[in-house]
Amino acid sequence: MSFFLLLRAITTRIWTMLKSFRFKHILLLLSGMLVFSCQNKNTKENSAENYISFKDYYGRDKQIKKQPQRIVSLSPGITELLFDIGQGNRLVGRTDFCLYPPEAKKIKSMGGISDASLEMIVASQPDIVFTASMVSKQMVERMEDLGLNVVCLPERSKISDVYETVGLLGRIFGKEQLCDSLIGGMKQGIAEIEKQIPQGKRPIVYYVVGFGDMGDYTAGGNTFINDIITLAGGENMAKDLDGWSIGKEVIFARQPDFIIVRKEDLKRFVSTSPYNKLKAVKENKVMGIESSLTDCQTLRSIEAIKQISSFIKSNK
């Protein structure tokens with residue numbers, strides 16, 4: 001082999017080695033950058049700003065990741081509020097009682113509220129399960145034992161609790177501005193109603209939850225409905241009662257000025273003895289109201305206040 005061919009062979013070999021070293025070096029560098037990028041992304045996703053901390057219905061400290069994508073709601077009120085803030089498309093499960101808005105009916109039902117199918121809930125692979133007071137703590141714990149992330153939202157006795165729930169949902173879904181606007185609108189609407197309430201003695205209002213052979217039930221002073229009646233300008237006949245049960249003798253002794261009953265029960269109530277002997281029934285001062293307006297704690301609760309207030313004013 002000539003000197004020049006030998007030199008060329010040696011040069012080519014050295015160049016090949018250099019290229020190989022350079023390629024490995026670049027590959028190693030790129031790999032390091034990729035690992036760093038993934039770690040950085042993971043760090044950002046798990047940073048404190050992407051989580052929210054609060055106390056749930058049972059007073060437990062909860063920390064959840066913001067913007068959950070797949071949601072199961074076991075509360076008709078929460079289902080409605082999720083649609084109100086534009087998050088209904090994230091729902092993958094509801095209860096048989098989540099019927100408003102109408103779009104909610106298109107979502108797969110998990111069954112009842114307190115007896116929802118745990119198997120169906122797990123199969124839905126939710127990021128979060130929202131519940132309210134009708135789901136027992138025992139059921140919540142069973143769901144958590146199955147690896148589900150469960151959040152029990154406040155559902156208590158004041159309109160202000162609606163503000164609290166809407167505000168919390170705003171923080172979870174990054175809709176604080178929208179939720180603040182919705183809360184502000186509801187507060188303003190209630191303030192306008194209260195301005196129109198005449199001064200002086202308020203009329204006595206009896207809210208019928210249940211009646212008949214199985215007993216009589218109403219909304220006591222520690223209930224959400226009591227707050228609705230008060231804000232509407234009435235005085236709850238059962239404000240001094242704790243709970244829901246009431247005796248017929250108490251109803252007749254107090255003789256309410258107005259009676260509010262679920263719309264679906266109106267005809268049966270006014271035609272059933274002995275209720276048809278009540279003064280308010282005889283004077284046609286019985287109002288039927290859509291049950292979802294008073295049964296669920298939502299932004300539509302203001303409609304219940306408006307309707308009851310209007311009924312009282314127009315029948316005085």
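**Exercise 1. Determine whether Phe269 is buried or exposed, and classify the ring pair that Phe269 forms with Phe211.**

Solution. Phe269 has a relative accessible area of 0%, so this residue is buried. The model under study is a predicted one.

The next step turns to the partner ring. Phe211 has a relative accessibility of 10% and therefore also counts as buried, the limit being under 20%.

For the geometry, two quantities are required, because a pair of aromatic rings is described by the distance of the centres and the angle of the planes. The ring centres of Phe211 and Phe269 are 5.1 Å apart, and the planes stand at 90 degrees. An angle over 60 degrees counts as edge-to-face, so the pair of Phe211 and Phe269 is edge-to-face.

The positions in the chain complete the description. Phe211 belongs to the loop between β7 (204-210) and β8 (216-218), while Phe269 belongs to helix α9 (residues 266-271). With these positions 58 residues apart, the pair links distant parts of the chain.

Finally, the pair is placed in its context. Ring pairs join Phe211 and Phe269 with Tyr275 in a cluster, and the search of the whole structure yields four aromatic pairs.

**Exercise 2. State which charged residues lie over the faces of Tyr100 and Tyr163, and describe the peptide bond that follows Tyr100.**

Solution. Begin with Tyr100: Arg300 lies over the face of this ring, at 3.6 Å from the ring centre. For Tyr163, the residue over the face is Lys187, at 5.1 Å from the ring centre.

Then consider the backbone. The peptide bond from Tyr100 to Pro101 has omega near 0 degrees and is cis. Pro101 is located in the loop between β4 (91-93) and α3 (118-123).

A further cis peptide bond runs from Ser273 to Pro274, with omega near 5 degrees. Pro274 is located in the loop between α9 and α10 (279-282).

**Exercise 3. Find where Gln255 and Asn284 are located, and assign the exposure class of each.**

Solution. Gln255 is not a glycine, yet its phi is positive, near 40 degrees. The residue Gln255 occupies the loop between α8 (248-254) and β11 (258-262). Its relative accessibility is 25%, so Gln255 counts as partly exposed.

Asn284 likewise is not a glycine and has a positive phi, of about 60 degrees. Asn284 is found in the loop between α10 and β12 (286-289). Its relative accessibility is 59%, and Asn284 therefore counts as exposed.

**Exercise 4. Establish how many disulfides the structure holds, and characterise Cys98.**

Solution. The structure holds zero disulfides. Cys98 takes part in no disulfide, since the nearest cysteine sulfur, that of Cys296, is 8.0 Å away, whereas a disulfide requires sulfur atoms within 2.5 Å.

As to burial, Cys98 has 1% relative accessibility and so counts as buried. Cys179, at 1% relative accessibility, also counts as buried.

**Exercise 5. Summarise the chain as a whole: how many helices and strands are there, and what percentage of the residues counts as buried?**

Solution. The secondary structure consists of 12 helices and 12 strands. Of the 316 residues, 43% count as buried.

Surface and contacts follow. The chain exposes about 17400 Å², and carbon and sulfur atoms supply 55% of this area. Among the contacts with a separation of 6 or more, 56% are between residues 24 or more positions apart.

How values were computed. Residues are numbered from 1 along each chain as its sequence is written. This is a predicted model: local features need pLDDT of at least 70, side-chain atom pairs count only at pLDDT 80 or more; totals for chains, interfaces and linings use all residues. Side-chain values use heavy atoms; hydrogens and water are left out. Helices (H or I, at least four residues) and strands (E, at least two) are DSSP runs, numbered from the N terminus. Buried means under 20% relative accessible area, exposed over 50%, partly exposed in between (1.4 Å probe, protein chains only). Contact means heavy atoms within 4.5 Å. Accessible areas come from the Shrake-Rupley method with a 1.4 Å probe; for residues, only the protein chains shown count as cover. Rings of Phe, Tyr and Trp (its six-membered ring) pair if their centres lie within 6.5 Å; planes under 30 degrees apart count as stacked, over 60 as edge-to-face and the rest as tilted. A charge sits over a ring if NZ of Lys or CZ of Arg is within 6 Å of the ring centre and within 35 degrees of the ring normal.
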